Amino acid sequence: MKTFDLTIAGLKRSLPIVRLSENLAIASFVLLGDTELAVLGAEALADKINTEFDYFLTAEAKGIPLVQCIAQEFNHPKFYVARKSVKAYMDNPLITEVLSITTQASQQLVLDGKDAAELKGKKVILIDDVISTGDSLAALKQLAEEAGAIVVDQLALLAEGDAAKRTDIQFLEELPLFGS
């Protein structure tokens with residue numbers, strides 16, 4: 001199996017190269033289960049935050065360990081998570097659709113109505129593990145803005161492909177895309 005060596009937050013990881021289509025492959029980065037990288041990556045991302053904020057918001061699921069560690073860096077008691085489906089406990093949820101580069105079908109991002117009410121008028125920083133096409137981040141931003149939140153920054157561990165050229169996000173390292 002071909003791999004891509006990545007050094008992020010001082011840690012080296014060998015990522016398997018996974019083919020998504022005939023003409024596109026990615027270095028598969030999975031933060032879930034990598035406590036060391038979540039903690040050190042969060043420390044490095046926290047150093048990039050130089051704006052006032054009230055809360056962090058991420059999308060389920062791979063951003064959760066990262067946002068938890070970043071919240072701990074700031075001794076911040078709460079963060080919010082947009083879920084991938086409507087849950088029975090949700091009241092008046094906000095829902096948007098998104099198609100990510102790594103999913104085969106459209107997915108939902110859902111913000112509980114209670115969470116949306118708490119975010120209204122608040123300054124929010126969006127957190128993600130990898131920004132590729134930017135579609136997931138755009139959907140997350142749409143949810144935040146529908147809730148009345150003010151997005152003041154957008155951070156990720158990695159920016160993949162053209163996302164690394166964006167000026168509206170902050171990230172630690174670039175992740176290349178691989179052609180045919």
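**Exercise 1. What percentage of the 180 residues of the protein count as buried?**

Solution. Start with what you are looking at: this is a predicted model. Next, apply the cut-off, since buried means under 20% relative accessible area. By that test, 45% of the 180 residues count as buried. To round off the picture of the surface, note that the accessible area of the protein is about 9,000 Å², and carbon and sulfur atoms account for 48% of that area.

**Exercise 2. Work out whether the radius of gyration agrees with that of a compact globule.**

Solution. Begin with the expectation: for 180 residues, a compact globule would have a radius of gyration near 16 Å. Then take the value for the protein, which is 16 Å, so the two agree. For the extents, go along the principal axes: the C-alpha atoms fill a box of roughly 45 × 35 × 30 Å. Inside that box, you can look for four helices and 11 strands. Finally, turn to contacts between residues at least 6 apart in sequence: 60% of them join residues at least 24 apart.

**Exercise 3. Describe the surroundings of T3.**

Solution. First place T3 in its element, strand β1, which covers residues 3-8. Second, classify its exposure: partly exposed lies between the 20% and 50% limits, so T3, at 45% relative accessibility, counts as partly exposed. Third, list its contacts beyond the neighbours within four places in sequence: S14, L15, P16 and I17. Last, check A27, which is 24 residues from T3 along the chain; their C-alpha atoms are separated by 7.1 Å.

Key: Residues are numbered from 1 along each chain as its sequence is written. This is a predicted model: local features need pLDDT of at least 70, side-chain atom pairs count only at pLDDT 80 or more; totals for chains, interfaces and linings use all residues. Side-chain values use heavy atoms; hydrogens and water are left out. Helices (H or I, at least four residues) and strands (E, at least two) are DSSP runs, numbered from the N terminus. The radius of gyration is taken over C-alpha atoms; the globule rule is 2.2 Å times the number of residues to the power 0.38. Buried means under 20% relative accessible area, exposed over 50%, partly exposed in between (1.4 Å probe, protein chains only). Contact means heavy atoms within 4.5 Å. Accessible areas come from the Shrake-Rupley method with a 1.4 Å probe; for residues, only the protein chains shown count as cover.
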